[in-house]
Amino acid sequence: MDDLRKRAKELLETSAVKVVIGYEEGTAGKTRALFAEKPEDTGKLIFDSRCVQNLAAYVTKREIKEKGRMAIEATLPVMRSIIQLASEFQVTDNNLLVLGITPESKLVEFSNLADVETFVHQYQIEIDARNREMLEKLDKMTPSERWKFWIDELSPCFKCYACRAACPMCYCSRCTVDVNQPQWISVPSNDLGNLEWHFMRAVHLTGRCVDCDACYNACPLGIPLNLLTKRMIEDVRVNFGGYQPSLKGEHLLSTYKPDDKENFIQ
Ligand code: SF4
Ligand code: SF4
């Protein structure tokens, strides 16, 4: 990744950007986010198979945006997230430069977000075989078996919200689950409150989740909460022809089409 380090250094030296968001070596063999603000910091930038954190989660943070124009080291899921965020008016060409890493681990610099979108659209979101198998297993369960499965899986959740913090699409300054006047969702961890939190989150992410698995990777308990959003991705594919983040801004939950299926209304 010498070319990434070299380009990031040039961008900071010429003040084309004020911060480069990328990956650096962390502790215990893990990687972590790097926020390079000085040219010499860019020597720490890395890229390898451990770099799975979705760095797009930082581009909406006030503390980072206030620094000025950003550049971001962006894998395919990060690029997808950026296009979704741009369609929601969270980032623009003026404040973000994308240093893309292709699936072949090659650096490609995009001059604008429209080019990022064109690149991203070459690749469909594909749910991996292990999770597809799990979704099929869930489909075959009776409603009461499925209910028990989710009660059992979600009951250990202690609402640390690491999954929310890791997700680029959870950028609201105040989340519904933090509101206690009125309290929409039970704040303490309990079976019903945990179900409400996770189902509400999955619905809010329908037609927006880019299937990066950052939420699952962040959960200290390994709760398979990403199965809920993968289910929604599949349902969107079957019922609405699939989801691709798009600068056109046609958002699934806020777009009505006369030929939308209405067979869920019984
Ligand atoms: S819900 Fe999970 S998989 Fe979907 S975009 Fe957010 S972090 Fe990624
Ligand atoms: S990261 Fe895990 S334990 Fe924390 S709120 Fe999310 S699902 Fe619950």
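**Exercise 1. Which residues lie around ligand 2, and how do they divide by class?**

Solution. In this predicted model, begin with the stretch Cys157, Phe158, Lys159, Cys160, Tyr161, Ala162 and Cys163, which belongs to the surroundings of ligand 2. Next, add Ala218, Cys219, Leu221, Ile223 and Leu225, which complete the list. Sorting the shell by class then gives eleven nonpolar residues and one charged residue, with no polar ones.

**Exercise 2. Describe the shell around ligand 1, from its closest residues to its classes.**

Solution. The shell around ligand 1 holds 14 residues, and the closest of these are Cys167, Cys209, Cys212, Ala214 and Cys215. Turning to secondary structure, helix 9 (214-218) and helix 10 (226-240) are the elements that contribute two or more residues to this shell. By class, the shell contains nine nonpolar, three polar and two charged residues.

**Exercise 3. Work out what span helix 6 should have, and how many of its residues are buried.**

Solution. Helix 6 covers residues 143-154, and at 1.5 Å a residue its twelve residues should span 16 Å. The C-alpha atoms at its ends are 16 Å apart, so the expected span and the model agree. For burial, where the cut-off is 20 or more other C-beta atoms within 10 Å, one of the twelve residues of helix 6 qualifies, and the helix is therefore hardly covered.

**Exercise 4. Determine how helix 6 is oriented against helix 8, and which residues make the contact.**

Solution. Two packed helices are described by the angle between their axes and the distance between the axes. For helix 6 and helix 8 (residues 191-204), the axes come within 9 Å and cross at roughly 100 degrees. Because angles of 65 to 115 degrees count as roughly perpendicular, helix 6 is roughly perpendicular to helix 8. The residues that meet are Trp150, Ile151 and Leu154 on the side of helix 6, and Asp191, Asn194, Leu195 and His198 on the side of helix 8. The classes in this contact of helix 6 with helix 8 are four nonpolar, two polar and one charged.

**Exercise 5. Carry out the corresponding analysis for helix 5 and helix 10.**

Solution. Helix 5 (residues 129-140) packs against helix 10 at an angle of about 85 degrees, and their axes are 10 Å apart. That angle makes helix 5 roughly perpendicular to helix 10. Helix 5 contributes Asn131, Met134 and Leu135 to the contact, while helix 10 contributes Leu227, Lys230, Arg231 and Glu234. Divided by class, the contact of helix 5 with helix 10 has three nonpolar residues, one polar residue and three charged residues.

**Exercise 6. Where do Ser15 and Asp213 lie, what is the sign of phi in each, and is each buried, partly exposed or exposed?**

Solution. Most residues other than glycine have a negative phi, and most peptide bonds are trans. Ser15, in the loop between helix 1 (2-13) and strand 1, has a positive phi of about 60 degrees although it is not a glycine. Ser15 has 9 C-beta neighbours inside 10 Å and therefore counts as exposed. Asp213 sits in the loop between helix 8 and helix 9, and its phi, near 70 degrees, is likewise positive in a residue other than glycine. With 17 C-beta neighbours inside 10 Å, Asp213 counts as partly exposed.

**Exercise 7. Characterise the peptide bond from Gln181 to Pro182 and place Pro182 in the chain.**

Solution. Omega is near -5 degrees for the bond from Gln181 to Pro182, and this peptide bond is cis. Pro182 itself is found in the loop between helix 7 (162-166) and helix 8.

Note on methods
Residues numbered from 1 in each chain as written. Chains lettered and ligands numbered in written order. Predicted model: local features only at pLDDT ≥ 70, side-chain atom pairs only at ≥ 80, totals over all residues. Helix = DSSP H or I, 4+ residues; strand = E, 2+ residues; numbered from the N terminus. Expected span 1.5 Å × (residues − 1). Near = placed C-beta within 6 Å. Nonpolar A, V, L, I, M, F, W, Y, C, P; charged D, E, K, R; others polar. Axes fitted to C-alpha atoms, helices over the stretch in contact; angles between N-to-C directions. Parallel < 35°, antiparallel > 145°, perpendicular 65-115°, else oblique. Contact = placed C-beta atoms within 7 Å.
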